[in-house]
Amino acid sequence: GTSAFQGLMSNNDRSFPGDGEGGGLKVFGNLVFTALNWVLSFKVLFESGAIIHGKWPAILGCFKSVKDGFWSRLAWTWHGIFILCIGFNFLFIYVYQLLGLIGQMGASNFSQFIMVTYHTFHTRSISWVVLLLVVFAANIADVVGKLFSNMFYPTQTQIHREIQVLKYNKMRKEEQRIITSPDHEEEI
């Protein structure tokens, strides 16, 4: 037989053989919107400069024997990226599709989105490949550009951070020199 109903199309109705093939502007726009959302999510992750990993499992914070509580153990950055950015992205594009199905009785603003999300992500494997490659390539280009920029053209903030780190390291060396002096006396 034909390979038209293998992979993502394996459970689909054989009376609609072209469902997994090329998309129109709506499918392309849906994919571009999702890719842009993912790229910006990871850019926020890189640019924030403060990734909060938390402690796993966070639920242990509910026990009295644990010093830090549940909210202190939560991986805020990762939850923000995967739930608030990527999760809500998928939630809303599926909601647009459902609003189109609900409004199918008559014309609505969302009727043009009927089955667009399903067609984009459930019947076209190339959408997932493009999504992952675009996100990866865009983030690599951004990281390489930032690396070059920061190495050769630092901002005032980066210059002052470097000065602060150098002062801190000098202070730590002074403390180490005092502690390891030949007479083994600490100056207070």
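Buried means under 20% relative accessible area, exposed over 50%, and partly exposed in between. The views below show a predicted model.

**View 1. A salt bridge within helix α6 joins Arg172 and Glu175.** The side chains of Arg172 and Glu175 meet with N and O 3.8 Å apart. A salt bridge requires the nitrogen and the carboxyl oxygen to lie within 4 Å, and the Arg172–Glu175 pair is counted at 3.8 Å. Both residues belong to helix α6, which runs over residues 156-179, and they are three residues apart, about one turn of the helix. An α-helix has 3.6 residues a turn, so residues three or four places apart point the same way. Glu175 has a relative accessible area of 36% and is therefore partly exposed. Arg172 is also partly exposed, because its relative accessibility is 39%.

**View 2. Lys43 and Glu47 form a salt bridge along helix α1.** The closest N and O atoms of this pair are 3.6 Å apart. Glu47 and Lys43 are four residues apart in helix α1 (residues 25-48), about one turn of the helix. Glu47 is partly exposed, with a relative accessible area of 42%. For Lys43 the relative accessible area is 26%, so this residue is partly exposed.

**View 3. Lys43 and Asp142 join helix α1 to helix α5 through a salt bridge.** The side chains of Lys43 and Asp142 meet at 3.1 Å, N to O. Lys43 lies in helix α1 and Asp142 in helix α5 (residues 125-152), so the pair ties together parts that are 99 residues apart in sequence. Side chains of opposite charge can pair when their charged atoms come close. Lys43 and Asp142 belong to a network of salt bridges that also links Glu47 and Lys146. The whole structure holds four salt bridges.

**View 4. Phe121 and Trp128 form one of the aromatic pairs.** Eight aromatic pairs are found in a search of the whole structure. The ring centres of Phe121 and Trp128 are 5.2 Å apart and their planes stand at 55 degrees, so the pair is tilted. Phe121 is buried, because its relative accessible area is 4%. Trp128, at 30% relative accessibility, counts as partly exposed. Ring pairs link Phe121 and Trp128 with Trp38 and Phe90 into a cluster.

**View 5. Phe148 and Phe152 make a tilted aromatic pair.** The rings are 5.0 Å apart, centre to centre, with 50 degrees between the planes. Both residues lie in helix α5, four residues apart, about one turn of the helix. Phe148 counts as partly exposed, because its relative accessibility is 47%.

**View 6. The buried residues of helix α1 pack against α3, α4 and α5.** The buried residues of α1 are Val27, Asn30, Leu31, Thr34, Ala35, Asn37, Trp38, Val39, Ser41, Phe42 and Leu45. These buried residues pack against α3 (76-102), α4 (116-122) and α5. Trp38, one of the buried residues of α1, is also linked by ring pairs into a cluster with Phe90, Phe121 and Trp128. At 1.5 Å a residue, the 24 residues of α1 should span 34 Å, which agrees with the 34 Å between the end C-alpha atoms.

Methods:
Residues are numbered from 1 along each chain as its sequence is written. This is a predicted model: local features need pLDDT of at least 70, side-chain atom pairs count only at pLDDT 80 or more; totals for chains, interfaces and linings use all residues. Side-chain values use heavy atoms; hydrogens and water are left out. Helices (H or I, at least four residues) and strands (E, at least two) are DSSP runs, numbered from the N terminus. Buried means under 20% relative accessible area, exposed over 50%, partly exposed in between (1.4 Å probe, protein chains only). Rings of Phe, Tyr and Trp (its six-membered ring) pair if their centres lie within 6.5 Å; planes under 30 degrees apart count as stacked, over 60 as edge-to-face and the rest as tilted. The expected span of a helix is 1.5 Å times one less than its number of residues. Contact means heavy atoms within 4.5 Å.
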